[in-house]
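Here are my notes on the charged and polar side-chain contacts. Please read them with the structure open.

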Amino acid sequence: MKQYRLLAECLLPAHMLDWFDLKNVRVEKKGDTQVIHLYLDENEQKPDDREDLRPNGIYTRKCVSRLSD
């Protein structure tokens with residue numbers, strides 16, 4: 001899972017993994033292409049120890065298209 005965390009850090013916006021945990025990875029082969037599914041879960045971290053904020057509960061899956069060569 002460590003190698004996929006490094007991949008996620010390279011592909012996702014800066015510091016995104018400060019707010020989300022990498023929970024699962026699934027690798028799927030589609031023809032000659034390998035598709036990597038990274039599953040993130042929003043963590044309970046609150047900025048500046050504020051108690052009036054809570055996670056948004058983002059549940060909808062998002063797909064990032066393949067990167068061009």
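The points below take the salt bridges in turn, then one polar contact.

1. Keep in mind that this is a predicted model. Searching the whole structure turns up two salt bridges. Side chains of opposite charge can pair when their charged atoms come close.

2. Start with E9 and R5. They form a salt bridge, with 3.4 Å between the closest N and O atoms. Both residues belong to helix α1, which covers residues 2-11. Their spacing is four residues, about one turn of the helix.

3. How accessible is this pair? E9 has 43% relative accessibility, so E9 counts as partly exposed. R5 has 34%, so R5 is partly exposed as well.

4. The other pair to check is E28 and R26. Their side chains meet in a salt bridge, at 3.4 Å from N to O. E28 has a relative accessible area of 23% and is therefore partly exposed. The cut-off matters here: buried means under 20%. R26 is partly exposed too, with a relative accessible area of 38%.

5. Now look at N43. This residue sits in the segment after β2, the strand spanning 33-42. Is N43 buried or exposed? Its relative accessibility is 14%, so N43 counts as buried.

6. What does the side chain of N43 lie 3.0 Å from? The partner is the backbone oxygen of D18, and the atom on the N43 side is a polar atom of the side chain. Please view this contact together with the burial of N43, at 14% relative accessibility.

Methods:
Residues are numbered from 1 along each chain as its sequence is written. This is a predicted model: local features need pLDDT of at least 70, side-chain atom pairs count only at pLDDT 80 or more; totals for chains, interfaces and linings use all residues. Side-chain values use heavy atoms; hydrogens and water are left out. A salt bridge is a side-chain nitrogen of Lys or Arg within 4 Å of a carboxyl oxygen of Asp or Glu. Helices (H or I, at least four residues) and strands (E, at least two) are DSSP runs, numbered from the N terminus. Buried means under 20% relative accessible area, exposed over 50%, partly exposed in between (1.4 Å probe, protein chains only). A polar contact is a pair of N or O atoms within 3.5 Å; within protein, one must be able to donate a hydrogen and the other to accept it, and residues adjacent in sequence count only if both atoms are side-chain atoms.
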